[in-house]
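Q: I am new to this structure and would like to look closely at one part of it, a single loop position and its surroundings. Please take the answer slowly and explain each term when it comes up.

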Amino acid sequence: METKLTTLLDIKYPIIQAPMFLVSNVAMVKEAMHGGIAGCIPALNYRTLDELREALNILKAAKVSGGSFGFNLIVNKSNLKYKDQLKVICEVGCDFIITSLGSPEETINQAHKVGIKVFCDVTDLKFAKKVEALGADAIIAVNNEAGGHRGNISPKELIGELSSQCNIPVISAGGVGCKTDIDKMIAYGAEGVSVGSPFIASIEAGVTDEYKQACVAYGAKDIVMTERISGTPCTVINTPYVQKIGTKQTWLERMLNKNRKFKKWVKMIRFSIGMNATKNAATKATYKTVWVAGPSIEHTKAILSIKDIIQKLIH
């Protein structure tokens with residue numbers, strides 16, 4: 001399964017274990033590397049810079065047996081920790097950074113100085129061309145089948161357009177739950193795939209058994225979009241609690257988001273509240289179950305080890 005992504009990251013299979021807020025952890029990424037794929041963790045999964053630094057050092061030590069690892073950075077103003085996180089990552093080192101929700105210019109400039117590759121989340125050609133011009137090493141094409149904050153364009157259309165119009169590798173994010181899906185994305189023109197939701201129901205994931213079991217019990221038809229977490233549309237499992245609170249913003253939230261003066265602060269507050277709600281659902285047994293996932297959980301039939309999930313994806 002040799003592609004430009006396997007060459008770029010020196011991995012056996014063209015798969016990145018996608019960074020998932022509160023789900024991804026060191027144990028998962030270590031197993032990903034041992035399984036011949038790359039692993040990535042959101043920097044925001046660590047409350048302090050010391051914890052982030054420790055995770056970086058553990059994964060650097062684990063690379064003795066091969067593999068590739070990276071960290072995801074939210075690069076817009078809602079992430080007040082962004083610049084300090086970038087500094088620590090560049091100081092300690094990793095193989096790649098994935099940027100989301102903002103301009104990656106500063107990240108690309110700083111990371112390239114220390115030999116770290118930068119892949120950028122994009123949802124359309126306009127932003128893909130922008131990050132290519134800034135020097136990105138690859139594009140993460142977030143399509144309309146992705147979990148979490150997804151795009152609006154189908155995998156076939158998005159990958160086809162980006163791979164024909166851009167000169168850097170395209171990595172597809174969304175809609176991959178089995179080997180057939182990977183083959184399909186590569187046939188469209190992708191050099192690899194970023195896979196998240198199938199890894200939620202893993203033994204190594206640090207979320208509740210209820211969250212993992214939900215990924216087994218529910219399927220693609222149970223995934224809905226909600227604006228109630230961060231203010232930005234996000235895919236979640238349609239549990240009874242989600243049905244109860246609804247998926248649309250309240251009239252007050254809509255009004256404040258339209259107000260230029262308050263918009264920035266409202267977004268920051270909504271992001272903080274939403275992430276705390278997601279954290280409680282992911283890490284505590286609670287009736288307030290807001291579980292983020294994508295339609296690829298359709299292929300999740302049991303809670304397995306990372307090793308076994310990788311084997312399911314490549315065979």
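Which describes Leu 101, buried, partly exposed or exposed, and what is its relative accessible area?

A: The model is a predicted one, in which local features need pLDDT of at least 70 and side-chain atom pairs count only at pLDDT 80 or more, whereas totals for chains, interfaces and linings use all residues. Residues are numbered from 1 along each chain as its sequence is written, and side-chain values use heavy atoms, with hydrogens and water left out.

Leu 101 is partly exposed, with a relative accessible area of 39%; on this scale buried means under 20% relative accessible area, exposed means over 50%, and partly exposed lies in between (1.4 Å probe, protein chains only). Leu 101 belongs to the loop that runs between strand S4 and helix H5 (105-113), where helices (H or I, at least four residues) and strands (E, at least two) are DSSP runs numbered from the N terminus. Its phi is positive, about 60 degrees, although Leu 101 is not a glycine. Most residues other than glycine have a negative phi.

Asp 10 offers a second case of this kind, since its phi is near 55 degrees, again a positive value in a residue other than glycine. Asp 10 sits in the loop between helix H1 (4-9) and S1, and it is exposed, with a relative accessible area of 65%. A further loop residue, Ser 65, is found between helix H3 (49-62) and S3, and at 54% relative accessibility Ser 65 counts as exposed. The C-alpha atom of Ser 65 is separated by 7.1 Å from that of His 34, although the two residues are 31 apart along the chain.

The strands named so far belong to a barrel, which 8 strands close in the order S1-S2-S3-S4-S5-S6-S7-S8 with parallel pairing; two strands pair if DSSP finds at least two bridges between them. Neighbouring strands of this sheet are turned by 25 degrees against each other on average, direction ignored. Helix H4 (residues 82-92) packs on the sheet and touches both strand S3 (68-74) and strand S4 (96-100), while the direction of H4 makes about 160 degrees with that of S3. Here axes are lines fitted to C-alpha atoms, for helices over the stretch in contact, and angles run from 0 to 180 degrees between N-to-C directions, with contact meaning heavy atoms within 4.5 Å.

Elsewhere in the barrel, strand S5 (residues 117-122) runs parallel to strand S6 (residues 138-142), and 4 bridges join them; Val 122 has Ala 141 in S6 as its bridge partner. Strand S1 (residues 15-17) pairs with S2 in the parallel sense over 2 bridges, and Gln 17 stands opposite Gly 39 in S2.

S2 itself (residues 38-42) is mostly covered, with 5 of its 5 residues buried. In a regular strand the side chains alternate between the two faces of the sheet. In S2, Ala 38, Cys 40 and Pro 42 point one way, whereas Gly 39 and Ile 41 point the other way, and all are buried.

For the wider setting, the chain has 13 helices and 10 strands, and buried residues make up 52% of its 315 residues. Among the contacts in the chain with a separation of 6 or more, 61% are between residues 24 or more positions apart. Against that background, Leu 101 remains a partly exposed loop residue.
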